[in-house]
Amino acid sequence: MSVPAVAAPLSSAARAQRLLRRSAAAWLACAALGQVLFALYVAVFYGRATLAGQPQRWNAVMPHGYQPGATAFNAVLAVHLLLAAAIVIAGLMQLLPPLRRAAPALHRWVGRGYVLAAALLALGGLSMVWIRGGAAGDTAQHLGTSLNALLVLWFAAAAWWQAWQGRIGAHRPWALRLFLAVSGVWFFRIGLMLWVVINQGPAGFDPDRFTGPALTTLAFAQTLLPLALLELYLRAQRQGTVWRAWLGSGLLGLAALLTLAGSVAAAALMWWPPLAS
Ligand code: HEM
């Protein structure tokens with residue numbers, strides 16, 4: 001008599017790792033939704049104004065963005081906006097395992113473009129903040145965004161170098177750090193809108209001058225908080241400890257909910273109104 005095969009029960013460590021993977025996938029799904037909405041806003045709002053030959057309409061959302069006569073910096077901003085929409089979509093493509101497996105050459109080419117675009121965004125952003133001037137926010141916020149730019153440059157170089165050397169195991173954490181740092185400006189927007197919704201209005205900052213402790217904190221947290229969570233996730237995966245995996249899963253689950261709520265809030269309050277007007 002043949003005995004039907006019964007799958008061996010998973011150990012608690014394996015169950016914890018499975019939950020960790022699923023929590024990370026849930027966060028990524030929420031982030032993908034929010035990032036696609038952001039990319040759509042950038043492409044439609046700025047694309048429409050540019051194609052109509054009216055770049056001055058960009059200033060409906062960034063008062064000092066387009067400056068008549070400042071040809072070089074207007075070009076820097078135009079490239080910045082074009083790359084912003086493209087890099088968001090490219091980043092999500094790079095993270096899809098089936099696409100990586102099915103088309104490794106595409107992953108390599110998109111990766112090279114991603115690293116180049118990330119460097120141009122960071123350098124263009126730094127030049128607008130410190131040379132052109134007039135960017136929204138105060139010096140403390142500019143320091144937070146500049147830290148983001150420096151980390152983007154560092155992670156882009158490290159992710160590219162490891163891939164170039166063929167060290168895929170070492171490439172992965174740098175590529176994930178790069179993805180999160182590049183997403184910093186998006187984290188800022190969804191974080192801000194979530195904060196406004198929770199407090200039912202601007203709290204801890206002056207909305208007219210766009211300054212205040214809440215914005216300064218967010219300018220640094222946009223980069224440092226997601227990176228801290230990533231390090232915890234990578235450690236939980238590497239070490240396989242059950243409690244670390246549970247902790248990582250819990251935090252990623254919470255992050256998924258906050259990301260979803262922040263994305264919906266940003267889409268409704270920040271990205272949809274300029275498209276509808
Ligand atoms: C790396 C990914 C980045 C993306 C995807 C991105 C995206 C954008 C977008 C969409 C805008 C238009 C504003 C809006 O409609 O919300 C913008 C403007 C701007 N960005 Fe970035 N950005 C990135 C990095 C940076 C960095 C690292 C800096 C600074 C160091 C920076 C500085 C600026 C400045 C100064 C503006 C013009 C805003 C103004 O003049 O008030 N960006 N960026």
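A residue is called buried when its relative accessible area is under 20%, exposed when it is over 50%, and partly exposed in between, using a 1.4 Å probe and protein chains only. The model is predicted, so local features need pLDDT of at least 70 and side-chain atom pairs count only at pLDDT 80 or more, while totals for chains, interfaces and linings use all residues. Residues are numbered from 1 along each chain as its sequence is written, and side-chain values use heavy atoms, with hydrogens and water left out.

**Exercise 1. The chain as a whole**

Task: State how much of the chain is buried, and describe its secondary structure and overall dimensions.

Solution. Step one: buried residues make up 41% of the 277 residues.
Step two: the chain has nine helices and zero strands. Helices are DSSP runs of H or I with at least four residues, strands are runs of E with at least two, and both are numbered from the N terminus.
Step three: the C-alpha trace spans about 85 × 45 × 35 Å along its principal axes. The radius of gyration is 21 Å, which agrees with the value near 19 Å for a compact globule of 277 residues. That radius is taken over C-alpha atoms, and the globule rule is 2.2 Å times the number of residues to the power 0.38.
Step four: of the contacts with a separation of 6 or more, 68% join residues 24 or more positions apart. A contact means heavy atoms within 4.5 Å.

**Exercise 2. The ligand and its iron**

Task: Find the protein donor of the iron atom, then describe the shell around the ligand.

Solution. Step one: H80 is the only protein donor of the iron, through NE2 at 2.1 Å. Donors are N, O and S atoms within 2.8 Å of the metal (3.2 Å for Na, K and Ca); water is not among the atoms, so sites may look incomplete. H80 belongs to helix α2, residues 71-94.
Step two: 23 residues surround the ligand, and Y41, Y46, H80, R132 and R189 come nearest. A residue is near a molecule or strand if one of its heavy atoms lies within 4 Å of it.
Step three: polar side-chain atoms of R132 and R189 lie 2.7 Å and 2.9 Å from an oxygen atom of the ligand. The elements giving two or more residues to the shell are α1 (12-51), α2, α4 (104-132), α5 (139-164) and α7 (184-198). Helix α4 gives the most, with six residues.
Step four: the shell divides into 16 nonpolar, five polar and two charged residues. Ala, Val, Leu, Ile, Met, Phe, Trp, Tyr, Cys and Pro count as nonpolar, Asp, Glu, Lys and Arg as charged, and the others, Gly among them, as polar.

**Exercise 3. The surroundings of T259**

Task: Decide whether T259 is buried or exposed, and list its partners.

Solution. Step one: T259 is in helix α9, residues 242-276.
Step two: its relative accessible area is 6%, so T259 is buried.
Step three: the T259 side chain makes a polar contact with the side chain of W27 at 2.9 Å and reaches the backbone oxygen of A255 at 2.6 Å. A polar contact is a pair of N or O atoms within 3.5 Å; within protein, one must be able to donate a hydrogen and the other to accept it, and residues adjacent in sequence count only if both atoms are side-chain atoms.
Step four: not counting residues up to four places away in sequence, T259 touches W27, C30, A31, W186 and I190.
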